[in-house]
Amino acid sequence: MGEQMVSDNVCSIIVKNDFCIGCGVCAGICPSQTLKMMLSPFGEFNPVDVHGKCLANCHLCLTSCPFGNRDENEDTIASALFAQQAGIKHTRETGYYLSSYVGFSNVDDHRANGSSGGLATWLLEKLLTEQRVDHVICVRPAENEDTFFKFDIFTASLDVRNASRSSYYPNQLSEVIQYVLNHSGRYAVTGLPCYLKALRLASAKIPKLRTRIIYYVGLACGQLPSTRFVDYMAAKLGIEASVVCRVQFRVKDYKRPANDYGLMVEYQRMGAKDQKTIYRSEGMGRIWSYGYFKHNACSYCDDVFAEVADVVLMDAWLQGYAEKSEGFSIALIRHSEIEKLFIEGAAASELSLQEIPIEAVMVSQRGVLTRKRTDLADRLNLAKGRAYVPQKRVAPSKRVPLLTRLGFWLADIMRAQVRRHFDPGDAVRSFRVTERKIFPVCLLYRIVVAVNKRLFSR
Ligand SMILES: Cc1cc2nc3c(=O)[nH]c(=O)nc-3n(C[C@H](O)[C@H](O)[C@H](O)COP(=O)(O)OP(=O)(O)OC[C@H]3O[C@@H](n4cnc5c(N)ncnc54)[C@H](O)[C@@H]3O)c2cc1C
Ligand code: SF4
Ligand code: SF4
């Protein structure tokens with residue numbers, strides 16, 4: 001019978017049920033190259049079966065998808081990778097670890113241009129200059145391209161340096177994976193927890209990926225917004241989405257604490273370029289934390305600390321660090337060679353590092369941990385009986401107070417209303433309409449959040 005259309009692939013299960021995070025791993029590894037990553041009308045990347053050449057009984061995409069239901073999960077993958085190392089420790093919240101540090105890079109402008117302390121950029125450059133890898137895969141800003149950020153492959157450390165700072169923006173790996181499959185060499189990759197899980201799952205089945213991508217550098221993750229987040233923030237600044245030419249997240253203002261960071265929007269009007277910056281305290285924090293543009297998949301995610309990564313970097317959202325504007329990173333290390341690099345870096349004064357207890361690492365991500373464990377259990381309970389729900393390590397249960405559940409419901413309503421009313425083609429006007437329409441729900445949500453905080457310390 002040869003090739004035939006099959007119904008069970010990522011498009012008909014993961015995308016159809018709105019659990020796609022847009023990592024692009026499925027499209028990168030598809031043996032018949034029938035999947036292509038495309039932006040949805042809501043600004044999220046999804047695979048689309050463009051050629052209708054999906055192979056019968058292949059299922060490679062589904063078995064590599066971080067939201068596909070299968071026996072492997074972050075625990076089983078990480079256990080196979082790290083459990084046998086001498087000195088390894090484990091907690092249910094963080095996964096495996098050898099050591100944890102807080103600090104920053106002293107090298108050139110790593111810290112000034114980094115999201116937090118610039119440790120991620122320092123490490124990626126180190127892996128190149130020490131010739132432990134030939135290439136680094138990370139996310140660079142893009143200008144005059146179809147998106148504002150892109151995954152790219154670098155062999156020069158200066159290019160890695162120019163790709164620092166977080167991209168709170170959908171980026172997909174499909175082209176990069178195809179490049180790696182076609183070009184030998186040793187690669188290090190940066191990624192969010194779900195992206196790295198997908199890569200580990202794919203690597204288990206594709207030897208070329210397994211032998212070529214040899215270091216996984218994770219970023220802790222609370223959520224990923226769609227491209228519409230940038231459009232909405234630009235509209236809040238009075239800038240139409242169509243004239244925006246470049247954006248930069250995590251702008252530091254040395255008069256503000258580190259956690260009041262900015263988003264810079266560069267735009268072009270009448271041939272001249274200009275830019276404006278909006279900070280978290282100026283309304284960006286509300287739009288981020290209320291999850292107006294959050295992918296649905298993020299509400300069903302249980303990995304904060306990129307548990308399958310060799311090292312995970314995050315912000316030091318801790319008293320004594322968060323209020324200092326320069327920025328501090330936390331590194332949770334699982335790979336002995338990476339640990340050695342950090343220790344040598346500190347000895348050579350390239351890094352300022354201090355060991356911190358694992359409990360402090362957890363405290364630094366307390367809010368995200370609550371969402372990804374306690375709140376997730378409740379969400380899974382509410383989702384029982386739906387056509388498809390991803391299997392998680394957290395068991396479904398009624399674990400939150402009714403008031404907290406009311407908060408989930410209101411957040412879902414706000415997200416749906418923003419999708420309905422915000423039109424990036426008419427961004428500035430529709431931003432005002434959207435804010436007006438969602439005001440009552442937003443106000444109620446704010447009250448629910450405040451009462452939750454007071455009564456349940458959440
Ligand atoms: C969507 C998202 C959500 C996050 N949520 C949290 C959170 O809840 N709590 C927390 O503590 N930290 C979070 N982080 C991580 C945090 O923003 C910093 O990336 C981290 O503190 C490392 O800072 P740094 O100064 O060491 O990194 P830098 O020196 O600035 O280097 C960052 C490196 O990561 C790469 N990169 C940036 N964005 C992406 C991306 N989307 N995918 C893959 N690679 C990327 C860059 O190319 C660069 O190489 C998040 C990051 C992202 C992208
Ligand atoms: S592998 Fe990634 S891009 Fe493909 S369906 Fe799953 S989440 Fe979406
Ligand atoms: S919250 Fe989870 S699903 Fe969402 S981007 Fe982060 S790691 Fe992926």
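**Entry 1: the shell around ligand 1**

I sorted the residues of the shell around ligand 1 by class and obtained 16 nonpolar, 15 polar and 2 charged. I note at the outset that the model is a predicted one. In total, 33 residues surround ligand 1. I listed the closest of them as G114, A120, T121, G222 and M314.

I then asked which elements each supply at least two residues of this shell. They are helix 6 (119-129), strand 6 (135-141), strand 8 (187-191) and strand 13 (311-315). Helix 6 gives the most, with 4 residues.

**Entry 2: the shell around ligand 2**

I turned to ligand 2 and found 16 residues around it. The closest are V10, C20, C23, C26 and C65. By class I recorded 13 nonpolar and 3 polar residues, with no charged residue in this shell.

Helix 1 (10-15) and helix 2 (25-29) each provide at least two residues here. The largest share, 3 residues, belongs to helix 1.

**Entry 3: the nonpolar core**

I looked up the largest nonpolar core and found that it has 125 residues. Within this core, A188, V217, V311 and V312 have the most contacts. Helix 9 (residues 193-205) contributes the largest share of the core, 7 residues.

I followed V217 further, leaving aside residues up to four places away in sequence. Its contacts are A120, L123, L124, A188, V189, T190, A309, D310 and V311. I noted that A120, one of these contacts, is also among the residues closest to ligand 1.

**Entry 4: strand 5 and its partners**

Is strand 5 mostly covered or mostly uncovered? I found strand 5 (residues 99-105) mostly covered, with 7 of its 7 residues buried.

I next examined its pairing. Strand 5 runs antiparallel to strand 14 (residues 329-333), and 5 bridges join the two. In this pair, S100 stands opposite L332. Strand 5 also pairs with strand 15 (residues 351-355), in the antiparallel sense and over 5 bridges. There I recorded S352 of strand 15 as the bridge partner of F104.

**Entry 5: the domains**

I consulted the domain assignment of the chain, which gives domain 1 (10-64), domain 2 (74-225 + 296-367) and domain 3 (384-456). How far apart are the centres of domain 1 and domain 3? Taken over C-alpha atoms, they are separated by 27 Å. The contact between these two domains takes 4 residues from domain 1 and 4 residues from domain 3. On the side of domain 1 that touches domain 3, I counted 3 nonpolar residues, 1 polar and no charged.

Key. Residues are numbered from 1 along each chain as its sequence is written. Chains are lettered from A and ligands numbered from 1 in the order in which they are written. This is a predicted model: local features need pLDDT of at least 70, side-chain atom pairs count only at pLDDT 80 or more; totals for chains, interfaces and linings use all residues. A residue is near a molecule or strand if its C-beta atom, placed from the backbone, lies within 6 Å of it. Ala, Val, Leu, Ile, Met, Phe, Trp, Tyr, Cys and Pro count as nonpolar, Asp, Glu, Lys and Arg as charged, and the others, Gly among them, as polar. Domain bounds come from an automatic or database domain assignment. Two residues are in contact if their C-beta atoms, placed from the backbone, lie within 7 Å. A nonpolar core is a set of buried Ala, Val, Leu, Ile, Met, Phe, Trp, Tyr and Cys residues joined through C-beta atoms within 7 Å. A residue is buried if 20 or more other C-beta atoms lie within 10 Å of its own, exposed if 12 or fewer, and partly exposed in between; C-beta atoms are placed from the backbone. Two strands pair if DSSP finds at least two bridges between them.
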